[in-house]
Amino acid sequence: MCAGCHYGAGARIATYVGAQCREVARERNRRHTRRRRIMLRDCCDELDQELQCGIVVSATLVNMEKFFATCPRGLELALVDELRLLNAQDIHAVGGGVRFAGEFFLCYRVNLASRLASRILWQVAADPYRTEDDVFRSVYRLPWTKWFDPRCTIRVDVSATKSPLASLNFVTLKIKDAVCDKIRRLSGRRPDVDTRAPDVPIQGHLTDRDFTLYLDTTGEPLFKRGQRVATGEAPLRENLAAGILRLAGWAPGVPLLDPMCGSGTILLEAANMALDIAPGLGRGFAFEKLKNFDARHWRELLRQATARQKPKKPAAIYGSDRSADVLKAARENLLAAGLEKVVSLKRADVLEITAPAKQGIIVTNPPYGVRLGEQQALAEFYPKLGDLLKKQFSGWRAYLLSADMRLPKLIHLAVSKRIPLYNGALECRLFEYKMVEGGMRKKDRLV
Ligand SMILES: C[S@@+](CC[C@H](N)C(=O)[O-])C[C@H]1O[C@@H](n2cnc3c(N)ncnc32)[C@H](O)[C@@H]1O
């Protein structure tokens, strides 16, 4: 439990976590005669008492909350950068997400502004466990009625890595029972379970010895921006598309082309970034159902985000696809988002296009096939795509997201970077190609 000491800005604010830190607290308070703010949390009640017994001048409880932002695997470091810009503290990337801390309102800002996260989870418990009963006790002791009204519906999900417990379903049931039993004891009413659209989604996570419980402040995952009304073949998730743009180093103003744009997910994300449109502006969040919801603060954040938006005028963002049907879906999506003027769309076979600007960035995910016929067709397509890039796009950089590990060999271009990414459960690579005139061709060697 004890994570050591974290010193805030200029070491003026110190967070002491757990018994291990008492010595540090004593030492600091011996050295400082002036009144100091000391943030105490988690297992620090004991420390609080001890501090009040005279060693410390003053101890103030300051609300610093812990959060976990989930994201597609491979985007963790990009998400760290995004969270830093949103003023998150104590940021640590782990597989599939990023831990961070901050005042509670930080979760409003991150839900509203993060383009890469999938969910923002608020940590409400973290305890060691051995059995399902330990988990039950850990959940039961929490002040559930302080957080939400018993009329709210709940849903419990549990994930685990190396847990010794035999059944995740059983732990899930135990957590649900602990929440409902406690709420009934305190309020006389048992909350209902709604597995489809719960008011308060609850998530548990088990490692080999620790149990962590979160309230999901997001609800519908963040990649559901409420903008896409139509989809084509294998559409990307919005946060993955935004993450690819970040990994490609694309910034508004740089010409961008998706020549196999499908329903236009990459183009939509780029247009939203170019106009500084917060991705969470058009949807609701689970934190609005919590008792501590501060509607005024939230309205103010929405007002500020809306005021930051830039006027909708044509940007150097280009998309094309050979399929009339998916292009229609892309048009509908842009129209629904009010971004039809920002992006230029046209129907074209990628093998016949020319560059829309002297330099720029291509970001695309080419078709991916698993059946034999599709595999053969792609084996013929990749070298032609390589030729096209070489001939028409010198001066450009291209980023191709693909689960087809034959692509770098068959495209016959030298790959300068390959970044592992997951599109859902599908393991992919983002291949980077820098098209330099005359210098790109790779003589059929393996890369
Ligand atoms: C995997 S999908 C792209 C999905 C897209 N990123 C989205 O989020 O909707 C691949 C797209 O490539 C297009 N495509 C395949 N071969 C093409 C070609 N030769 N020229 C242009 N587009 C092509 C398909 O029509 C399909 O829309």
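Which residue follows α9, and what is the sign of its phi? In this predicted model, the residue after α9 is D276, and its phi is positive, near 55 degrees.

The chain as a whole contains 13 helices and 17 strands. Of its 447 residues, 40% are buried. Among contacts in the chain with a separation of 6 or more, 75% are made by residues 24 or more positions apart.

Helix α9, which spans residues 265-274, is mostly covered, with ten of its ten residues buried. The buried residues are T265, I266, L267, L268, E269, A270, A271, N272, M273 and A274. The cover over these residues is drawn from both helices and strands. On the helical side, it includes α8 (238-247) and α11 (324-336). The strands that contribute include β11 (256-258), β12 (317-321), β13 (343-347) and β14 (360-364).

T265, one of the buried residues of α9, also belongs to the surroundings of the ligand. There are 19 residues around the ligand, and those that come nearest are P235, M260, G262, T265 and V350. Sorted by class, the shell consists of nine nonpolar, six polar and four charged residues.

Seven strands form an open sheet with mixed pairing, in the order β5-β6-β4-β7-β10-β9-β8. The edge positions are taken by β5 (89-94) and β8 (154-160); each has a single partner strand, so one side of each is left without a neighbour in the sheet. On average, and with direction ignored, neighbouring strands of this sheet are turned by 25 degrees against each other.

At the β8 edge, the partner is β9 (residues 200-206), to which β8 is joined by seven bridges. The two strands run parallel. Within this pairing, A160 stands opposite L206 in β9. Helix α7 (residues 168-187) packs on the sheet and touches both β8 and β9. The direction of α7 makes about 140 degrees with that of β8.

Another helix, α4 (residues 106-113), lies across β4 (65-70), β6 (97-102) and β7 (119-128). Relative to β7, α4 runs at about 135 degrees. In the strand order, β6, β4 and β7 follow one another after β5, and these are the strands that α4 lies across. By contrast, α7 touches β8 and β9, which stand at the end of that order after β10.

Terms used. Residues are numbered from 1 along each chain as its sequence is written. This is a predicted model: local features need pLDDT of at least 70, side-chain atom pairs count only at pLDDT 80 or more; totals for chains, interfaces and linings use all residues. A residue is buried if 20 or more other C-beta atoms lie within 10 Å of its own, exposed if 12 or fewer, and partly exposed in between; C-beta atoms are placed from the backbone. Helices (H or I, at least four residues) and strands (E, at least two) are DSSP runs, numbered from the N terminus. Two residues are in contact if their C-beta atoms, placed from the backbone, lie within 7 Å. A residue is near a molecule or strand if its C-beta atom, placed from the backbone, lies within 6 Å of it. Ala, Val, Leu, Ile, Met, Phe, Trp, Tyr, Cys and Pro count as nonpolar, Asp, Glu, Lys and Arg as charged, and the others, Gly among them, as polar. Two strands pair if DSSP finds at least two bridges between them. Axes are lines fitted to C-alpha atoms, for helices over the stretch in contact, and angles run from 0 to 180 degrees between N-to-C directions.
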